[in-house]
Amino acid sequence: MENESAVFFSRVLTELTLSFHIIYATIGVGVPLMIMIAQWVGIKKNDEHYILLARRWARGFVITVAVGVVTGTAIGLQLSLLWPNFMQLAGNVIALPLFMETFAFFFEAIFLGIYLYTWDRFENQKKHLLLLIPVAIGASMSAVFITIVNAFMNAPQGFDVVDGQLVNIQPILAMLNPAMPTKVAHVVVTAYMTAAFVLAAIAAFKMLKGSNHVYHKKALFLLMKVGLVFAIASAIIGDFSAKYLVEYQPEKLAAAEWHFETEKNAPLVLFGVTDGEEVKYAIKVPYALSFLAHSNPTAEVIGLNEFPEDETPPLYIHYLFDTMVMIGMFMVLVSAAYVLGKIRGWSFVSTKWFRRVIVAGGPLSIIAIEAGWWLAEVGRQPWILRKYMKVAEAATTSDHVDIMLILFCGLYIILGVGSVVVLRRMFRHNPIEQEIEDRKAEKGGDFS
Amino acid sequence: MTLEILGISVLWMFLLGYLIIGSIDFGAGFFNAYGVLTGRQHILTNIIQRYLSPVWEVTNVFLVFFFVGVVGFFPKTAFYYGTTLLVPASIAIILLAIRGSYYAFESYGSRGHKGYSFMYGAAGLLIPASLSVVLTISEGGFVSMVNGNPVLDYHALFTSPLTWSIVVLAIAAVLYISAVFLTWYADKAGDRKATKLLRKYALIWAGPLAISVIGIMFELSKHNVEHFNRMIDIAWMFGLSAIMFVITVWFIWKQQHYSWALGLLVGQFALAFFAYGISHYPYLLYPYLTIYDSFTNPAMATALVVAFVLGLLLLIPSIYLLLKLFLFNKDYIRGKKDHHA
């Protein structure tokens, strides 16, 4: 028996938790790599500025990782608390990557503790850098394992259902489902991209505020290079993701593209509004959808008309798709312009307005991450486990979910505000100019 | 040994790990808050900060490992416990989240806010209290099946003396474990004032711990006779645990052999915890769920065990390194070196 209000509030609470957690999780996956790159460049070039960059990012990272850990614990438990029927079923087939994720998390937590408390403890900086490798690997592997579970929800395999019983279960096969490669790659690479652009936004913000220190310039150039590489990679993998959808989840692609009828020479619809099945005010790129889906401008693309109406996702995911793709493209352009501009000596990349654009890139990247995850989750509706279990069947039957929603709202407000306040205070009390002075005094100065 | 027993033993071991290191953490927060309120903060803060700082995140992982592992090995627990624990588990998560993140905020952001210390200390007692409710529920009698779904009877739960004696045990155990550990740690750091104070706390909390255990035995003999009788069958384990407890208190009283006291403390709780677990066998939730009817399929069980062994190969050296650098490093404990980022 379903409890309709419990279903509704379970969905809202899960969406809230995931939307909040993903901000910190994305930063948590991406930033260790950035710290590693900065420290590595610092050691290679024997440049204290990059080492300091790594050190200051590590300090800020502690705050975001704390929120990431506790909200990750929350979603981990909420899966069982809010979706007990789903977890009972899924536990039989896809528990392995969930279990492995706790090991990755464990590994990361241990080495993060060691890394943070051993600055300057080693004569050789490289030894200290070595301690960061398990942190970065652990963080990325956590994302890999969790995304595998999400991929399984989209393309379940590795089991058979005979007379309502799960038989012939193959945990490894379940992990290697067809959605896995593109989804995992896209999640990990966009996390690196977002971390680079968020940190770049901070550097650009500092420069806008009048700090002309070479420290920020070095940071910005490094981050835009890294960001460019991962932004291009995200776009390429995104294209593969679309090709995966064509093959395995055509209803998701069709809903995201507002592609109502199966047809050849399909155009790509951008923005617009729907009036019944008529699309108005949209930008239509002829043949583009066929090309995107099959690398062939005349190929046939399956439309929403092929699916029963109660098995297709809501049409608003079209806007989520557009938002994600537009921001991704925009960031490729911005970072490419900046990197090329720096190399070629174009003066506009050092103007105030361009720095403002870079500052905007930080929040925009986060918005793209949110839009991408909403697209992934809403686009799977009405299924929680595609073709096997609907969201409504999976939810808890217990009361009080609404009260829990209010409590968790309060929690996320406290954590969100708290983390921002602490981060701002941390760096305002210890600006980079002062830290460089302090370090000079401490070491007797081999600084530039 | 069957896979069922292997699975539950491994999970139980991790829960024991959480019980010990979580208790140290929770108790430390309480003692710190108490110190702030009574103006003796300067004695304890240093010791407590030095221990907690590098390990705070690791504590949490033990709990995550346990609940993820339970759903992996025993997927039906997600249905029974997931449905019934919505409220107590959500409250525990919220407290854990506030406490965990604000530890980081405070340590790296701003130090020394009184209201914060108080909240941090209070949350440290409320978390074990809310988590211990799970043990009470597992004894049966509080969950009924309505239309095929488990429903928790809150009224029965909160008016049962068993619930409250388990809550008292959880709090007393947290404070006792923490005080004994920190006595040893402060002694190692050569901090006499802190050692003296913490030793006093350890002795104070030994009393409520013993009394609450006796209370629970008495309540359980009425509430769940089957479980109680199985406990009597392995009374020697509880007896051995009690002897260890007495020796620990004796050493602390005499101010000697703190390392032995710590070892015996771990032994005492390990024995009691496993004796409780063994006597609970085969039930995960009286009378609906046993480890056999809730067990996952053999293919998944094997995969989980293999993943577990490989994971341990990775973890054990890492944990060893962590302990070597921070817990068994004299210079670090004594505060001679600070290399924080």
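How many residue pairs are in polar contact across the interface of chain B and chain A? In this predicted model, local features need pLDDT of at least 70 and side-chain atom pairs count only at pLDDT 80 or more, while totals for chains, interfaces and linings use all residues. Residues are numbered from 1 along each chain as its sequence is written, chains are lettered from A in the order in which they are written, and side-chain values use heavy atoms, leaving out hydrogens and water.

The rule finds 3 such pairs, both residues at pLDDT 80 or more (N or O atoms within 3.5 Å; within protein, one able to donate a hydrogen and the other to accept it, with residues adjacent in sequence counting only through side-chain atoms on both sides). Salt bridges across the interface number 0 (a side-chain nitrogen of Lys or Arg within 4 Å of a carboxyl oxygen of Asp or Glu). On the side of chain B that touches chain A, 45 residues are nonpolar, 20 polar and 2 charged (nonpolar: Ala, Val, Leu, Ile, Met, Phe, Trp, Tyr, Cys and Pro; charged: Asp, Glu, Lys and Arg; polar: the others, Gly among them).

Over all chains, the structure holds 9 salt bridges. One of them joins A:Lys218 to A:Asp47, with the closest N and O atoms 2.6 Å apart. Both A:Lys218 and A:Asp47 are buried (under 20% relative accessible area, with exposed over 50% and partly exposed in between; 1.4 Å probe, protein chains only). A:Glu311 and A:Lys387 also meet in a salt bridge, at 3.4 Å from N to O; here A:Glu311 is buried at 19% relative accessibility, whereas A:Lys387 is partly exposed at 44%.
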